[in-house]
Amino acid sequence: MRHPDTRTRHLAGTRAGAALAGAALVLAAALPLAGCSGSEGTASLPDYKIPAEKAREDEAVPEGKTGKSADMRFTVVGFREAMTDVMGTHASMNAKGAFTRVRVLAVNTGRDIQVFDTWRQRLVTTDGRTHSPDVNATMIKRQPERLSVGASMRVEFDLWFDVPRGAKTRAVRLYGSPPVGATTDPAPAEIRLP
């Protein structure tokens, strides 16, 4: 006959062994799944079916106008220049020169949040000058000033610029935010227009 302490220790050892065996089974089952989040085999994955949106009056719809800055991929989906005024829900305003509107699709390809800052973006005209977004047009048209773009998230919005009358657009310079651990700002995506 065993001593009661020996039996208790034997049962405790059996329970601990069973728990360890169960944990090993769970870990073994999870290991093959660890590689499933990678990008292997993406060529065979289907594309999302996103509804098409009609272009606005006199808006050009350029193709292949894409660039990347840090983890943010930008595509210019619409473009219009030489507009003399802007009208919103509560205000309207004439341009000092002429408004240029750039419709942008931004996709965060990274695993962390990217912050899109409207005021960092630049329009480049054919004379080499750069232009900041216009505050009044941005506010009147209720477009974002700063926008948190989550991992794998996509957003679409307009950038508004007031450039000298007669100026022609050469490109738009679009900046993402630095990825985690970066010590410098990322280089911009320079997308030629029109």
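Colleague: Why is Arg-146 called exposed?
Modeller: Its relative accessible area is 55%. The cut-off for exposed is over 50%, so Arg-146 counts as exposed. Keep in mind that this is a predicted model.

Colleague: What makes the contact between Asp-117 and Arg-146 a salt bridge?
Modeller: The closest N and O atoms are 3.5 Å apart. The cut-off is within 4 Å, so the pair qualifies as a salt bridge. Asp-117 sits in strand 4 (residues 114–117) and Arg-146 in strand 7 (residues 146–149), so distant parts of the chain, 29 residues apart, are linked.

Colleague: And Asp-117 itself, buried or exposed?
Modeller: Buried. Its relative accessibility is 16%, and buried means under 20%. The Asp-117 to Arg-146 bridge therefore joins a buried residue to an exposed one.

Colleague: How do you know that Glu-59 and Arg-101 form a salt bridge?
Modeller: Their side chains meet at 3.6 Å, N to O. That is within 4 Å, so the pair counts as a salt bridge.

Colleague: Which parts of the chain does that pair tie together?
Modeller: Glu-59 lies in the loop between helix 1 (4–34) and strand 1 (66–69), and Arg-101 in strand 3. The two parts are 42 residues apart in sequence.

Colleague: Why do Glu-59 and Arg-101 count as buried?
Modeller: Glu-59 has 14% relative accessibility. Arg-101 has 7%. The limit is under 20%, so Glu-59 passes, and Arg-101 passes as well.

Colleague: Which residues share a salt-bridge network with Glu-59 and Arg-101?
Modeller: Arg-56, Arg-103, Glu-156 and Asp-158 are linked with them in a network. The structure holds nine salt bridges.

Colleague: How do you know that Glu-190 and Arg-173 form a salt bridge?
Modeller: Their closest N and O atoms are 2.7 Å apart. With the cut-off at 4 Å, the pair counts as a salt bridge. Glu-190 lies in strand 10 and Arg-173 in strand 9, so the pair ties together parts that are 17 residues apart in sequence.

Colleague: Why is Glu-190 called partly exposed?
Modeller: Its relative accessibility is 40%. Partly exposed runs between the 20% and 50% limits, so Glu-190 belongs there.

Colleague: What is the strand order in the open sheet that includes strands 9 and 10?
Modeller: The order is 6-5-9-10, with antiparallel pairing.

Colleague: What makes strand 6 and strand 10 the edge strands?
Modeller: Strand 6 (130–131) and strand 10 each pair on one side only.

Colleague: How do you know that strand 5 and strand 9 pair?
Modeller: Four bridges join strand 5 (residues 122–125) to strand 9. Pairing needs at least two bridges, so these antiparallel strands pair. Within this pairing, Leu-123 stands opposite Val-172 in strand 9.

Colleague: Which residues does Val-172 contact beyond its neighbours within four places in sequence?
Modeller: Among them are Val-76, Val-102, Leu-123, Glu-190 and Ile-191. Val-172 also belongs to the largest nonpolar core, of 20 residues. There, Phe-74, Val-102 and Val-172 have the most contacts inside the core.

Colleague: Which elements give two or more residues to this core?
Modeller: Strand 2 (72–87), strand 3 (92–108), strand 8 (154–163), strand 9 (169–174) and strand 10 (189–192). Strand 8 gives the most, with five residues. Apart from this core lies another, of seven residues, among them Met-83, Ala-95, Phe-99 and Ile-140.

Colleague: Why is Thr-118 called buried?
Modeller: Its relative accessibility is 2%. The limit is under 20%, so Thr-118 is buried. Thr-118 lies in the loop between strand 4 and strand 5. Beyond its neighbours within four places in sequence, Thr-118 is in contact with Pro-133, Pro-144, Glu-145 and Leu-159.

Colleague: Why does Gly-88 count as partly exposed?
Modeller: Gly-88 has 25% relative accessibility. Buried ends under 20% and exposed begins over 50%, so Gly-88 falls in between. Its place is in the loop between strand 2 and strand 3.

Colleague: How far apart in space are Gly-88 and Met-139?
Modeller: They are 8.7 Å apart, C-alpha to C-alpha. In sequence, 51 residues separate Gly-88 from Met-139.

Colleague: Which residues lie nearest the centre of the largest pocket?
Modeller: Glu-53, Val-61, Val-77, Leu-105 and Glu-156, out of 23 lining residues. The pocket has a volume of about 600 Å³. Strand 2, strand 3 and strand 8 each give two or more residues to the lining. The largest share, five residues, comes from strand 2.

Key:
Residues numbered from 1 in each chain as written. Predicted model: local features only at pLDDT ≥ 70, side-chain atom pairs only at ≥ 80, totals over all residues. Heavy atoms only, no water. Core = buried A, V, L, I, M, F, W, Y, C linked by side-chain atoms within 4.5 Å. Buried < 20%, exposed > 50% of the residue type's maximum accessible area, 1.4 Å probe, protein only. Contact = heavy atoms within 4.5 Å. 1 Å grid on protein atoms, 1.4 Å probe; cavity = no way out; pocket = protein on both sides within 12 Å on 5 of 7 lines; lining within 4 Å. Points joined across faces, edges and corners; volume = space filled by probe spheres on them.
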